[in-house]
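Trainee: I have a few labels I would like to understand before I use them. Could we go through them together?
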Amino acid sequence: MLHETFHYDTLSDVRETAEKLGAFLPLSLNTKALFAPLALGAHTAPNRIAFQPMEGTDGAEDGAPGELTVRRYERFAKAGPGLIWFEAVATVPEGRASAHQLYLTEKNVDQFKRLVDRIREVSMKENGYAPVIVMQATNSGRYAKPHGYPEPLIAYNCPPLEDTPLAPERIVSDDDLRRYEAAFGTAAKLAQEAGFDGMDVKCCHRYLACELLSAYTRPGEYGGSYENRTRFLKNAYRAAQAEVKGDFFLTSRLNAYDGFPYPYGFGVHEGSLEADMTEAIRLVGELKGEFGIPLIDITMGNPYKNPHVNRPYDHGNYVPDEHPFEGLGRIMKGTGEIQAAHPDLPVLGSAFSYLRQFAPNLAAGMVEGGHCAMAGFGRMAFAHPNFVRELRDGGAIDKRNVCVTCGGCAVLLRAGRPAGCVVRDREVYKL
């Protein structure tokens with residue numbers, strides 16, 4: 001298949017192509033559904049638009065927010081989303097994805113607190129409300145580069161991700177995993193101290209907790225059975241829960257499907273690459289039952305290896321064997337299946353940005369149809385955060401400002417450089 005070029009002039013064009021492909025893309029002309037408030041446990045998001053955790057690679061060496069970090073979140077706050085899912089913050093130094101990934105410690109917690117306070121201050125001034133703010137806590141695992149070069153911490157050797165098998169010493173021991181679980185407790189305590197409303201125990205995109213979900217071939221108590229493969233995530237939750245109090249909540253950005261064949265991928269049918277939500281639905285139910293999570297953020301794929309699965313694009317470093325609408329439809333369908341299985345738990349959907357100016361129509365259709373309760377935007381937030389205000393005030397967004405799915409922000413991120421939109425914010429971000 002040739003690279004797709006986004007050529008859709010009307011919503012009818014989008015709908016017609018989706019129907020021809022059999023892609024599940026529920027579209028709505030009425031975007032008002034996105035501006036209804038949403039109860040999230042003891043908190044309330046003032047609208048149904050979330051900004052997803054988009055890493056900026058612009059922290060200080062000690063892990064504190066840098067000048068560009070503050071700039072980015074001030075722009076996000078001014079835009080007025082109902083929820084800001086704060087980017088990945090490392091839980092241990094060796095688990096940082098770059099030398100400039102954020103890393104919350106007792107020494108810099110006050111700098112994080114100033115930024116969280118600033119987000120609320122700016123949003124209140126500009127919009128008359130403050131967003132719910134969730135911190136994403138992470139161990140980058142396989143993609144750890146704390147000194148600027150790969151120092152992977154892997155759950156098991158995974159042939160689809162390793163041209164040459166990584167050395168056995170790169171496989172983290174059970175003792176190391178127990179230490180990494182405990183680190184989420186420290187992160188939660190500091191996140192609450194910094195003023196965040198909740199914390200995401202990150203479990204997506206093949207970082208450590210996510211990779212363990214597919215550790216079928218790993219021996220011992222963290223591999224093989226479903227109970228073992230989910231042990232790390234649940235123990236990390238338990239460690240975090242023991243360190244927080246009051247209305248502070250826990251949640252996850254969760255991979256429901258990795259896009260790799262069994263036994264190397266989570267959420268896949270044996271013998272095919274077809275997505276299977278069975279275990280994801282079970283896991284979400286268990287997180288809700290034991291930890292009282294007030295929402296779950298669903299995503300898919302691996303941005304390092306099969307980015308078309310989690311963020312469909314027109315132009316990238318390989319040509320997918322499916323139309324972008326098919327990949328987008330897979331995410332929407334899987335998200336809808338999880339929401340249907342847990343109708344009392346708000347599900348946050350992902351990947352809407354691909355549809356450019358029509359992204360809000362898909363988001364509204366998903367919310368109206370009960371396929372998710374909230375719509376998350378990542379690339380669009382980098383490119384044009386003020387789309388929220390445009391949509392709120394005029395019911396549409398200006399196509400001249402939208403994300404064009406060029407992947408430039410991801411190129412900067414992979415290079416360990418400050419990441420942002422190379423098309424719409426080029427004074428600051430250049431390839």
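Trainee: Why is Glu19 called buried or exposed, whichever applies?

Mentor: Happy to help, and keep in mind that this is a predicted model. Glu19 has 60% relative accessibility, and exposed means over 50%, so Glu19 counts as exposed. Glu19 lies in helix H1, residues 11-21.

Trainee: What makes Cys403 buried, partly exposed or exposed?

Mentor: The cut-off for buried is under 20%. Cys403 has 8% relative accessibility, so Cys403 counts as buried.

Trainee: And how do you know whether Cys403 is in a disulfide?

Mentor: A disulfide needs two cysteine sulfur atoms within 2.5 Å. The closest cysteine sulfur to that of Cys403 belongs to Cys409 and is 6.5 Å away, too far for a bond. Cys406 is in no disulfide either, with the sulfur of Cys421, its nearest, 6.2 Å away. Searching the whole structure gives zero disulfides.

Trainee: Why is Cys406 called partly exposed?

Mentor: Partly exposed lies between the 20% and 50% cut-offs, and Cys406 has 40% relative accessibility, so the label fits.

Trainee: Which residues of helix H8 are buried, and what puts them on the same side?

Mentor: Ala280, Leu283, Val284, Leu287 and Phe291 are buried in H8. They cover an arc of only 100° around the axis, so they sit on the same side of H8. In an α-helix, residues three or four places apart point the same way, because there are 3.6 residues a turn. On the other side of H8, Thr278 and Gly289 are exposed.

Trainee: What covers the buried residues of H8?

Mentor: The cover includes helix H7 (231-241), strand S10 (296-300) and helix H10 (324-341).

Terms used. Residues numbered from 1 in each chain as written. Predicted model: local features only at pLDDT ≥ 70, side-chain atom pairs only at ≥ 80, totals over all residues. Heavy atoms only, no water. Buried < 20%, exposed > 50% of the residue type's maximum accessible area, 1.4 Å probe, protein only. Helix = DSSP H or I, 4+ residues; strand = E, 2+ residues; numbered from the N terminus. Arc of directions from axis to C-beta. Contact = heavy atoms within 4.5 Å.
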